[in-house]
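Let's walk through this fold together, from the overall layout down to a few single residues. Keep the viewer open and turn the model as you read.

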Amino acid sequence: MDDSERALEVDILAVSLRSDKDAAGDLLEHLAGKLSQALPEEVQVSRRGWLFSSKKPVEELNIKLGEIGFQFRRDKRGVITAMRQKIVRGVVLKSEEVAVESLIDELAAQLAKVAEKNARTRDALTKFVIG
């Protein structure tokens with residue numbers, strides 16, 4: 001795969017990660033739903049809500065791809081923050097807050113890179129993008 005094809009693939013994946021969020025109304029719900037279906041072993045979703053409430057919105061979304069972690073967190077006011085993490089042997093050594101849109105782009109690039117090496121991930125991402 002040449003650089004232009006890889007760049008196009010990353011752009012398509014980034015758009016897919018963002019798509020339908022306006023229709024769904026919530027970026028975290030959208031990302032959690034899509035990514036947990038496509039990559040259940042790499043994604044951890046934490047929800048909050050009242051004990052008997054039917055709605056339990058996503059409070060935190062963690063994606064671990066090798067030595068890089070991506071964390072999206074919603075505070076009590078509904079503001080979403082994004083953190084890039086450096087992970088070594090399962091331990092987070094460094095966390096850095098970045099813009100949500102920027103982290104989505106980085107996540108798409110990392111997913112494309114992982115998909116090049118792993119057939120299971122590639123199949124899951126193809127299903128993710130196509131539907």
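Helices and strands here are DSSP runs, numbered from the N terminus: a helix is a run of H or I of at least four residues, and a strand is a run of E of at least two. Read from the N terminus on, the elements go α-α-α-β-β-β-β-β-α-α, so that makes five helices and five strands by the DSSP definition. Bear in mind that this is a predicted model, in which local features need pLDDT of at least 70 and side-chain atom pairs count only at pLDDT 80 or more, while totals for chains, interfaces and linings use all residues. Residues are numbered from 1 along each chain as its sequence is written, and side-chain values use heavy atoms, with hydrogens and water left out.

Start with the sheet. The five strands make an open sheet in the order 1-2-3-4-5, with antiparallel pairing; two strands pair if DSSP finds at least two bridges between them. At the edges sit strand 1 (43–47) and strand 5, each of which pairs on one side only. From one strand to the next, the twist averages 20°. Angles run from 0 to 180 degrees between N-to-C directions, and axes are lines fitted to C-alpha atoms, for helices over the stretch in contact.

Now zoom in on strand 2. Five bridges join strand 1 to strand 2, and the two run antiparallel; at this seam, Val43 stands opposite Ile63 in strand 2. On its other pairing, strand 2 (residues 58–65) meets strand 3 (residues 68–74) in the antiparallel sense over six bridges. Two partnerships to look up are Leu65 with Ile68 in strand 3 and Glu60 with Arg73 in strand 3. Strands 2 and 3 form a hairpin with two residues between them, and Gly66 in the turn has a positive phi of about 70°.

How enclosed is strand 2? Six of its eight residues are buried, so the rest of the structure largely encloses it. Buried means under 20% relative accessible area and exposed means over 50%, with partly exposed in between (1.4 Å probe, protein chains only). Across the whole protein, 34% of the 131 residues count as buried.

What lies across the sheet? Helix 3 (residues 27–38) lies across strand 1, strand 2, strand 3 and strand 4, at about 40° to strand 2. Helix 4 (residues 100–117) lies across strand 2, strand 3, strand 4 and strand 5, at about 145° to strand 3. The two helices also pack on each other, at an angle of about 10° and with their axes 13 Å apart. That makes helix 3 roughly parallel to helix 4, a label for angles under 35 degrees. Where they meet, Leu27, Leu31 and Leu35 in helix 3 touch Val100, Ile104, Leu107 and Leu111 in helix 4; contact means heavy atoms within 4.5 Å.

Some of those leucines turn up again in the core. In soluble globular proteins, nonpolar side chains tend to be buried together. Here the largest nonpolar core has 21 residues, and those with the most contacts inside it are Leu31, Leu35, Leu61, Ile63, Phe70, Phe72 and Leu107. Helix 3, strand 2, strand 3 and helix 4 each supply at least two residues of this core, and the largest share, six residues, comes from helix 3. A nonpolar core is a set of buried Ala, Val, Leu, Ile, Met, Phe, Trp, Tyr and Cys residues joined through side-chain atoms within 4.5 Å. Click on Ile63: leaving aside neighbours within four places in sequence, Ile63 contacts Leu35, Glu42, Val43, Ile68, Gly69, Phe70, Phe72 and Leu107.

Finally, try three polar or charged stops. Lys64 lies in strand 2 and is partly exposed, with a relative accessible area of 41%. Gln85, in strand 4, is buried at 11%. Arg89 belongs to the loop between strand 4 (80–88) and strand 5 (91–98), where it is exposed at 82%. Its phi is near 50°, a positive value in a residue other than glycine. Most residues other than glycine have a negative phi.

Definitions and conventions:
Parallel < 35°, antiparallel > 145°, perpendicular 65-115°, else oblique.
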